[in-house]
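Here are a few exercises to work through with the model open in your viewer. Try each task before you read the solution below it.

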Amino acid sequence: MATGLQVGFTDFQCYRNNLQHQTAEMSTKHLVVRQGQPFTITLHFHGRGYQPGVDTILLIVETGPNAEKSSGTRAVFPVARSGPTSSWRAVCARTSPSCVEITLSAPANAVIGRYLLKARVDSGTGQATSYQLGEFTLLFNAWSPADDVYLASETARQEYVVNDYGFIYQGNKNWIHPCPWNYSQVEEGVVDICLRLLDRSLNFQHDPVEDCSLRNSPVYVSRVVSAMINSNDDSGVLLGNWSEDYSGGICPSEWTGSVAILRQWDATGAQPVKYGQCWVFAAVMCTVMRCLGVPTRVVTNTESGHEKDGNLVIDEYYNTMGHILATESKDSIWKFHVWNECWMARRDLSPGYAGWQVLDATPQETSNGLYCCGPASVKAIKEGELHLSYDTPFVFSMVNVYRVVWLIYGARKEKLLCDSRCVGNHISTKSIGRDERKDITDSYKYREGSQEERQVFAKALARAQHRKAQGPSTAEPQASRFLPGLRASLDVSSPAECRGQEAPSKVHTCLRLKLAKSPEVGQDLGLVLLAENLAFEHKDLKLSISTGSVLHDGAPLPPFWQNTLYIPFRPKEEKVIPWTISYAQYGRHLSQDRLVRVSVVGEENSTWEKLLVERIITLAYHAILINVLSPIAANRPFALEVEITNPLHEPARDCVLTMEGSGLLKEQFRLDMGVLRAQERSNITFQIIPFKTGQRQLQVNFKSNKVKDIKGHTTLIVAPNIRF
C-alpha cells in the first residue's frame, strides 16, 4: 500500500509567472498574477511523487475576512486534466518522481486581492492532510478579452497599465504646459499599499465580506478608490488644501511622484498626507488604478466648470474696477482641473457606454453621501445622458455650462456677457507611446455651436430641469432666463440665435487685450489694449483696469495693481494702449499657480455701454536643463549634469533640489543648495545607478524662498548591463 503523499514545499515560480503576467517589476519574491490568465506552480513532495488515480489534490483559494464560496472570496477545486474557464481551475501540467507542476487560472470575474492558497491531499488512506502553500496577489487583466477592463490595443495597454511615468497638463486655454509625474505603480511594495487602501475604506469597515465580494467589479473598485484618495470622509490618502498656507505639510506643486505620498500614508497608519490639489489627487489615483490592473489616464480640462445648482449656468460678478467678486456666487470656473479616465465595461448600464469612464478623486461634491465622483461614461457625457450613473450631471457641467457675467455697481447689476464656449476647452492627456499632448475634447462634446452640440445641451438641460423638479423644489432652473431657445420641449435655437445672446445687439466699442510677449517669472509683464470706436461720432471711454493673482480653482486674490484711464476717441478711431506691470509690482503677490488675471471694464459716455475684457496669464519658469554625460546601463553608475538658473534680480535662499525616477532612484534624492545669487546659474553633476532597464523618466524639482517648484525632466533609455 502506497504511503500518503506529503507536500514538502511550493515553488510559485514568481519570476516566470510575473514576467508572463506583466508584473515582473512589481516583485521578484511575491507572486502577482492577473484574472483569466494561467500561471504555474510546482509542488515538491517528501518520499514519493504524485500518482494520478491514487492521490487527490484539492486546492483552496481564499481572500478577505470570513471567505465564503457564496461571496466569491473562496473557491475549492481539484487538480484535474481539464476544467471550466468560468471558475477557478487547476490542471496537472507535468509530473516527476518528486514534484508536480500545476497550472492554475482564476476566472475573468474573480475578486481581486491578496489570496491564501491551500491544499488538501488525500491518498486514499482515509485521512486527508491540509497544507498552507503560500500567498499570491490577483489583479485585473487588460490583456484578457473576457475581463471587464480588456483593452484591445497592446500599445494602449503598455501606456495605460504598464507605463510608470507621464505628464499632467496645467495652465489655461492660452498656455498648456506639461508637468512630469512619476506614477511608479510597479515599485516594490506599492501593490500591497493599494490593497491596504481598499481595506481602509468605509465600505470595508462597514461590511468587509460584502466589500471584498464586490472587488471583481472595476466599477465598484474605482468608486471606492475615488473616495479613498481624498480624506474628507475617511482615512484617505491626501488632505486637500487650496489656502496658499501649507505649513505643516508639503505644497501640492512640490510633489513629483505618487510613491512618496502612498508610502508616507501607509507608514503613518493611514494619516492623511498634507497636501494635495486636483492634479495630485488624480496622479495618485492613476498610480493605484494602474497598479490594480485597470487602464487609467490623467485628463486635464482647461476652464473647468464647478456648478453647484444643477442649472448648467455659472454666474460671475465683477465690480466697476474689473475685480471679480467671488463671494457673490457659489459657482466657479477653475482655470484647469484634473481628473482620471479608467477603461472598463459598464454592465450596470445599457449597451454602448463602456470604454473610458471619468473618475474624480478631488473632493468637490458628495455622491451618495461620500466625497467621490464617477465612474461616469464619457459617451454618456457627450450625448447628454445625465440620468446614467454615476455623477454624470456634475461631470457634464464641468465641460458644458453657460457663463453669465454681471457688473455690480451700487445696488444694481447689469448683465455684460452670456458665453456658451467658456468651459471644456482643450481637454488633454498624454499621447500613447509619445511624450506629447493629445487633445480629446471631441470625445466629451460635439463641435461648439454645431447642431449636435445644441441638441445635446438641450437634452441635458431638460434632464437637469426634471432632476431638480424631483428634488425639494420644483422651481424651474435659472438657466431658462438666459437660454430661451433651450427649453424642456427640446426646441433648439440655431447657433446664430445662441450667439446673439452673448453681446448687445448694437456694439459701439470694441476692446481686445493682448500680451506683448510670453512672460517668465522675474520679467515685466507687457500688455497691449486695442480699443476701437465703431461709431461715427466722438466719444470718451473710461477704462478701469484691475490686475491680481488667481488660483487655479478660480479663486481671486486681492488686486495688486489698479488704474483708471480716460480716453477720447474720434469717429471710427482705433487706439493702441500699452502698459507694463513690473516684477516689483507683481512678484510678491504671485501665487503657487503663477496665474495673473488682467481685467478691463470700459464705459463710454454717449450710450453708457459697458464692456468687459479679461485675460488669464500664466507665467513660466526658466527651464531646468539636464545633460547626460555618460552611457546608461542597469546597475552601473552614469553621470548627468543639472543646470539651474535663478531668474530673479535678487538672491534666492533656502534652495533645495530634489530628484526621483522609477527604476532610476529607489527613493527621492534631496540636495540643499543654500543661496543662489541674482541670476546666478548653477551646474551640478550627479552619479546615478539605475536598477531597471528600458525607458525611464527622471524628474527634477527646484524650490527656494523666492521661486517655487521649477521642474525639469528627461527621458532615459537604460540598457541591460552586458558583461563579456
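**Exercise 1. Backbone exceptions**

Find where Tyr390 lies, then describe the peptide bond that leads into this residue.

Solution. Start with the location: Tyr390 is in the loop between helix H9 (378-383) and helix H10 (392-399). Next, look at the bond from Ser389 to Tyr390, which is cis with omega near -5°. Keep in mind that you are looking at a predicted model. A second cis bond runs from Gly374 to Pro375, with omega near 5°. Pro375 belongs to the loop between strand S17 (355-359) and strand S18 (376-377). For background, most peptide bonds are trans, and most residues other than glycine have a negative phi. Finally, turn to Asn66, which is not a glycine and yet has a positive phi of about 50°. Asn66 sits in the loop between strand S4 (56-63) and strand S5 (74-80).

**Exercise 2. H3 against H7**

Classify the crossing of helix H3 (residues 190-199) with helix H7 (residues 259-267) from the angle of their axes.

Solution. First, take the geometry: the two axes come within 10 Å and cross at roughly 55°. Then classify: this angle makes H3 oblique to H7. The handedness of the crossing is left-handed. Now list the contacts: H3 brings Val190, Ile193, Arg196 and Leu197, which meet Val259, Leu262, Arg263, Trp265 and Asp266 of H7. Sorted by class, the residues of this contact are six nonpolar, no polar and three charged.

**Exercise 3. H3 against H8**

Repeat the analysis for H3 and helix H8 (residues 278-291).

Solution. Begin with the axes, which come within 9 Å and cross at roughly 100°. H3 and H8 are therefore roughly perpendicular to each other. On the H3 side, Val190, Val191, Cys194 and Leu197 meet Thr287, Val288 and Cys291 of H8. Counting by class gives six nonpolar residues, one polar and no charged ones in the contact of H3 with H8.

**Exercise 4. An aromatic pair**

Describe the geometry of the pair formed by Trp242 and Trp334.

Solution. The structure holds 18 aromatic pairs. In the pair of Trp242 and Trp334, the centres are 6.4 Å apart and the planes make an angle of 65°, an edge-to-face arrangement. Then place the partners: Trp242 is in the loop between strand S12 (238-240) and H7, while Trp334 is in strand S16 (residues 332-344). With their positions 92 residues apart, the pair links distant parts of the chain.

How values were computed: Residues are numbered from 1 along each chain as its sequence is written. This is a predicted model: local features need pLDDT of at least 70, side-chain atom pairs count only at pLDDT 80 or more; totals for chains, interfaces and linings use all residues. Side-chain values use heavy atoms; hydrogens and water are left out. Axes are lines fitted to C-alpha atoms, for helices over the stretch in contact, and angles run from 0 to 180 degrees between N-to-C directions. Helices (H or I, at least four residues) and strands (E, at least two) are DSSP runs, numbered from the N terminus. Angles under 35 degrees count as roughly parallel, over 145 as roughly antiparallel, 65 to 115 as roughly perpendicular and the rest as oblique. A crossing is left-handed if the near helix is turned anticlockwise from the far one by less than a right angle, and right-handed if clockwise. Contact means heavy atoms within 4.5 Å. Ala, Val, Leu, Ile, Met, Phe, Trp, Tyr, Cys and Pro count as nonpolar, Asp, Glu, Lys and Arg as charged, and the others, Gly among them, as polar. Rings of Phe, Tyr and Trp (its six-membered ring) pair if their centres lie within 6.5 Å; planes under 30 degrees apart count as stacked, over 60 as edge-to-face and the rest as tilted.
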